[in-house]
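Dear colleague,

I am handing over the structure below, together with an account of what was found in it. Please keep it open beside you as you read.

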Amino acid sequence: MIPSVNSSGSRTIGLLAYLYGPGRHEEHTDPHLVASFDGMSPDPGRDPNATLKDLQQLLDQPVMALAEHARPAKHVWHTSVRADARDRILSDEEWADIARRIVAATGIDPGDGQPGCRWAAVRHADDHIHIVATLVTEDGHRPDDYRSGARAQAEARLIEKELGLHEVAPGDGTAAQRPTSAERHKAERQGRERTAREELRETVRRAVAGATSEEEFFERLAGDGLLIRKRVAPSGDLLGYKVALPDDRNKDGEPVFYPGARLAPDLSLPRIRERWSGDTQGNPAARQEDAIRTGPGTPAAARRKTASAAWQAVLVIEHGDEGVAAAQIAAAGEILDALAKTSAAHTRRELRDAATAFERASRSHVRAVRGHDRALRQAARDLVRGGTALGRGEDGASTAMAIDMLFFLITAAAHWHARKGHAQQAAAAARAAKHLRSAYQEAAAGPLGVLYQRGRRLNRPLLQRQTVVLREALPALAEQILAEPGWYALAATIVDAEAAGHDPASLLSDAVERREIDSAESVSDVLVWRIRRMADLPADASVTTGHGISKRPAGSRPTSPARHRGHESGGNTR
């Protein structure tokens with residue numbers, strides 16, 4: 001259940017006309033009163049003798065009783081209370097009780113003999129009500145409605161439990177502003193999948209991912225086709241910015257601009273600058289030297305760097321100081337944005353959805369200590385500079401490697417938020433992890449299929465030797481791994497690592513040590529990517545020739561391990 005307290009207004013009659021009217025898209029059905037301050041207020045919806053003017057005058061009476069100079073300029077309080085889409089349809093009686101509890105909790109009409117404001121609750125849809133109140137109590141004073149939004153949210157959590165409704169995770173004030181109903185209706189009229197606010201938020205988020213200066217940031221925004229307005233002080237210093245979609249116009253034909261802070265709290269210019277302050281200790285010359293030294297690279301190289309940076313970040317989140325962990329989590333959002341922007345078509349939608357979901361998890365009241373997130377931010381920059389990856393070969397396989405490690409990074413972020421009591425952020429990170437699972441299945445099926453076929457063709461003595469190595473290195477996990485279809489892919493990887501001069505037992509032990517692995521659906525999959533990264537093996541096994549193993553013939557189609565499971569279906573999963 002989501003209460004949404006709106007800004008105060010000045011015309012009671014105007015708000016009532018909207019609530020009792022047909023709606024902007026004829027979406028209002030059977031508008032009627034479900035509750036009011038006295039239980040006897042006129043209902044223009046169902047009483048043919050009642051008018052909007054009657055209800056308006058009744059609600060405004062305490063306001064009009066004051067001398068004109070004492071009347072508040074904006075005296076209309078308005079909140080909507082919406083049920084979750086998964087909830088049952090509530091009765092008018094239940095909504096009436098909810099309205100009474102909300103006005104009491106917010107201080108609008110506290111009850112217990114205390115003077116309250118006049119109010120009315122209108123229902124014009126199955127899933128929500130609107131409460132209208134005038135902000136003058138019966139004895140002529142201003143009500144104690146300080147932080148009424150937070151108080152309404154707290155009461156909604158209690159109502160959910162008592163009525164058996166879906167329990168919405170409590171917020172902490174760090175969420176991005178949701179699109180208004182007017183913005184949603186406008187998007188529908190224009191045939192947009194999302195509102196202008198949401199499109200701009202995603203575009204700005206991707207523009208800032210890995211950027212190291214204002215110039216680069218604004219160049220990316222312009223390159224993405226956004227209109228930009230900069231707010232400049234008389235001294236010439238840049239104070240802020242606004243952005244607009246070229247085709248999003250108001251009734252006068254002018255572009256609708258949104259300040260960065262209105263898109264998300266961490267997209268204001270001062271908050272963006274905080275990210276840059278930690279890049280090479282805020283030294284522009286050093287940042288430029290970094291960029292020259294690393295170069296644009298390739299998509300595959302950028303994805304391997306991403307996997308390595310995520311590998312280290314997991315340890316920091318699990319064992320580091322909270323401010324440093326918060327910085328790693330914020331930078332993880334940049335990685336997801338950059339990966340979604342540069343991914344191949346078959347993984348792009350799930351990665352984009354993962355980035356969108358994780359946006360809520362990237363902020364909390366824990367202040368990020370910048371600088372320690374430099375490796376992740378550099379990885380995000382490398383992803384953008386490396387360009388769009390192909391969906392096959394080393395690009396495709398290294399994408400699976402990166403997603404594999406990012407899944408554990410995002411899962412670590414979810415656990416961190418849960419320990420801190422950040423319910424919304426923990427839930428958002430969990431949703432992002434689900435999207436990463438789906439993206440991983442798409443990215444990994446081909447590369448793992450190649451390894452599976454190579455593993456199946458290993459001669460028996462060699463396969464038995466790898467089994468012994470596994471049991472000695474990981475006695476607690478060996479039997480689980482040997483029972484997984486992915487064991488053959490891992491066996492082929494062990495052969496490759498050994499042929500490259502590595503000690504397989506040490507690699508296996510290092511791959512598991514101090515790193516979370518319990519959330520993996522296939523431990524063998526996880527070890528494949530960790531070992532191939534640690535041993536610097538090609539992610540695409542089709543370019544590798546192991547001991548006694550031939551390369552995959554050109555043009556042949558790899559077979560996924562799932563095809564050899566018999567009764568099982570679907571690709572090899574996390």
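**The sheet of E6, E7 and E8**

A good place to begin is a single pair of residues, for Val 243 has Tyr 258 of strand E8 as its bridge partner. Please bear in mind throughout that this is a predicted model. The pairing of E7 with E8, to which these two residues belong, is antiparallel and rests on two bridges. On the other side, E7, which covers residues 238-244, is joined to E6 by six bridges, and these two strands also run antiparallel. Ile 228 has Val 243 as its bridge partner in E7, and Arg 229 stands opposite Lys 242 of E7.

Taken together, the three strands make an open sheet in the order E6-E7-E8, with antiparallel pairing. Strand E6 (227-232) and strand E8 (258-259) are at the edges and have a single partner strand each, so one side of each is left without a neighbour in the sheet. As general background, the strands of a sheet pair through backbone hydrogen bonds, in either a parallel or an antiparallel manner.

The connection between E6 and E7 is a hairpin with five residues between the strands, and Gly 236, in the turn, has a positive phi of about 95 degrees. How many of the seven residues of E7 are buried? Five of them are, so E7 is largely enclosed by the rest of the structure. Helix H6 (residues 196-208) lies across E7 and E8, and runs at about 125 degrees to E7.

**Arg 192, ahead of H6**

Arg 192 is placed in the loop between helix H5 (181-190) and H6. Is this arginine, Arg 192, buried or exposed? Its relative accessibility is 16%, and because the cut-off for a buried residue is under 20%, Arg 192 counts as buried. Its side chain makes a polar contact, at 2.7 Å, with the side chain of Asp 247. If neighbours within four places in sequence are left aside, Arg 192 is in contact with Ala 187, Glu 199, Leu 245, Asp 247 and Asp 248.

**The nonpolar cores**

The largest nonpolar core has 90 residues, and the members that touch the most others are Phe 358, Leu 527 and Trp 529. Helix H15 (residues 393-420) contributes the largest share of this core, with 14 residues. Apart from it there is another core, of 25 residues, including Trp 95, Val 103, Trp 119 and Ile 159. Returning to Leu 527, and again leaving aside neighbours within four places in sequence, one finds it in contact with Leu 474, Ile 481, Leu 490, Leu 508, Ala 511, Val 512 and Ile 517. In general, nonpolar side chains tend to be buried together in soluble globular proteins.

**Two loop residues**

Glu 513 lies in the loop between helix H20 (504-512) and helix H21 (523-534), and with a relative accessibility of 44% it counts as partly exposed. Its C-alpha atom is separated by 60 Å from that of Val 34, a residue 479 residues apart from Glu 513 along the chain.

Asp 47 is found in the loop between strand E2 (32-36) and helix H2 (52-64), and it too is partly exposed, with a relative accessible area of 32%. The side chain of Asp 47 reaches the backbone nitrogen of Asn 49 at 2.9 Å. Between Asp 47 and Leu 33, which are 14 residues apart in sequence, the C-alpha to C-alpha distance is 10.0 Å.

**The protein as a whole, and its confidence**

The protein has 21 helices and eight strands, and its C-alpha trace spans about 95 × 60 × 45 Å along the principal axes. Of its 574 residues, 53% count as buried. Among the contacts between residues at least 6 apart in sequence, 72% join residues that are at least 24 apart.

As to confidence, the pLDDT averages 88 over the protein, and 90% of the residues score at least 70. Over residues 285-289, however, the pLDDT is below 50, and this stretch has six contacts in the model beyond near neighbours in sequence. The pLDDT is also below 50 over residues 545-573, a stretch with 57 contacts in the model beyond near neighbours in sequence.

With kind regards

Note on methods: Residues are numbered from 1 along each chain as its sequence is written. This is a predicted model: local features need pLDDT of at least 70, side-chain atom pairs count only at pLDDT 80 or more; totals for chains, interfaces and linings use all residues. Side-chain values use heavy atoms; hydrogens and water are left out. Two strands pair if DSSP finds at least two bridges between them. Helices (H or I, at least four residues) and strands (E, at least two) are DSSP runs, numbered from the N terminus. Contact means heavy atoms within 4.5 Å. Axes are lines fitted to C-alpha atoms, for helices over the stretch in contact, and angles run from 0 to 180 degrees between N-to-C directions. pLDDT is the predictor's confidence in each residue, from 0 to 100. Buried means under 20% relative accessible area, exposed over 50%, partly exposed in between (1.4 Å probe, protein chains only). A polar contact is a pair of N or O atoms within 3.5 Å; within protein, one must be able to donate a hydrogen and the other to accept it, and residues adjacent in sequence count only if both atoms are side-chain atoms. A nonpolar core is a set of buried Ala, Val, Leu, Ile, Met, Phe, Trp, Tyr and Cys residues joined through side-chain atoms within 4.5 Å.
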